[in-house]
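The following exercises ask the reader to work from a sequence and a structure towards a reasoned description. Each task is followed by a solution in steps.

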Amino acid sequence: KLQNARIELERGTAQLIAEGHPTQRVVFTNLADNRFGAGGTFDTNGNLPDGYGPGRWGGIILNAGSQASIDNAFISSGGGEVPIEGRLDQFNVIEVHQGDLRLANSRLQSNSDGVALTDRTARGSNEAATVFIRGAQPVIVGNDFRDNAGATISINANSMTDRFLA
């Protein structure tokens, strides 16, 4: 559960592996989302009634050379405004800039469009989308996109090559 935060894989060899099981999904959501938790109570921050909704946290950002494998996950309430150096700005719930992404068998639901107002301190601009890709050829298969703002996937033409990916 995240609040006003993002998961950012730095340039180079950063790696995120979040692989669940169809009956035990990996969950990325916001702190106020009482649908998920452990220990008998899901009210993590004492906010009853529930406070989930789009744009409550940033997203998962892959920078150049980083890798992520996300399988059997539930990703909700992302695409929001988070602190960056000297200001606040937004990120897509999944954002790839020349990184290597595998996104499979997951549900992305109730996420904001994440469109940034600036270049986010040299992180680059983005577009209104749930998944934003620049300069990468990800594997995106078997996912369920529901009630998200903006396009489902925004990918630039230079990302698409004739290289086979398994």
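## Exercise 1: A patch on the surface

In this predicted model, Ile153, Ile155 and Met160 make up a nonpolar surface patch whose accessible area totals about 260 Å². Task: state in which strand Ile153 is found, and decide whether Ile153 is buried, partly exposed or exposed.

Solution.
Step 1. Ile153 belongs to strand 15.
Step 2. The relative accessible area of Ile153 is 36%. Buried requires under 20% and exposed requires over 50%, so Ile153 counts as partly exposed.
Step 3. Val131 is the residue opposite Ile153 of strand 15. Strand 12, residues 129-134, is joined to strand 15 by 4 bridges, and the two run parallel.

## Exercise 2: The open sheet

Task: determine in which order the 5 strands of the open sheet are arranged, and which strands lie at its edges.

Solution.
Step 1. The chain holds 15 strands and 0 helices.
Step 2. The order in the open sheet of 5 strands is 1-4-9-12-15, with parallel pairing.
Step 3. Strand 1 (7-9) and strand 15 (151-155) are the edge strands, since each pairs on one side only.
Step 4. On average, and with direction ignored, neighbouring strands of this sheet are turned by 10° against each other.
Step 5. As a general principle, strands of a sheet pair through backbone hydrogen bonds, in either a parallel or an antiparallel manner.

## Exercise 3: Two faces of a strand

Task: for strand 2 (residues 15-19), establish which side chains are buried and which are not.

Solution.
Step 1. In a regular strand, side chains alternate between the two faces of the sheet.
Step 2. Strand 2 shows this alternation: Leu16 and Ala18 point to one face and are buried. Gln15, Ile17 and Glu19 point to the other face and are not buried.
Step 3. Strand 2 pairs with strand 5 (residues 67-71) in the parallel sense, over 5 bridges. Within strand 5, Ala68 is the bridge partner of Leu16.

## Exercise 4: Salt bridges

Task: find how many salt bridges the count gives, and which residues are joined into one network by shared partners.

Solution.
Step 1. Side chains of opposite charge can pair when their charged atoms come close. The count for this model is 7 salt bridges.
Step 2. Arg6 and Glu8 form one of them, with their closest N and O atoms 2.7 Å apart. Arg6 has a relative accessibility of 21% and therefore counts as partly exposed.
Step 3. Arg123 and Glu85 form another, with a closest N to O separation of 2.9 Å. This pair links distant parts of the chain, 38 residues apart: Arg123 is in the loop between strand 11 (107-109) and strand 12, and Glu85 is in the loop between strand 7 (81-84) and strand 8 (87-90).
Step 4. The relative accessibility of Arg123 is 14%, so Arg123 counts as buried. Glu85, at 47%, is partly exposed.
Step 5. Glu95 and Arg120 also form a salt bridge, the closest N and O atoms being 2.5 Å apart. Glu95 is in strand 9 (residues 94-97) and Arg120 is in the loop between strand 11 and strand 12, 25 residues apart. Both Glu95 and Arg120 are buried.
Step 6. Through shared partners, salt bridges join Arg6, Glu8, Glu85 and Arg123 into one network.

Methods: Residues numbered from 1 in each chain as written. Predicted model: local features only at pLDDT ≥ 70, side-chain atom pairs only at ≥ 80, totals over all residues. Heavy atoms only, no water. Pairing = 2+ DSSP bridges. Axes fitted to C-alpha atoms, helices over the stretch in contact; angles between N-to-C directions. Buried < 20%, exposed > 50% of the residue type's maximum accessible area, 1.4 Å probe, protein only. Salt bridge = Lys/Arg side-chain N within 4 Å of Asp/Glu carboxyl O. Patch = residues over 30% accessible without salt bridge, like charges linked within 9 Å, V, L, I, M, F, W, Y side chains within 5 Å. Areas by Shrake-Rupley, 256 points an atom, 1.4 Å probe, with all protein chains shown as cover.
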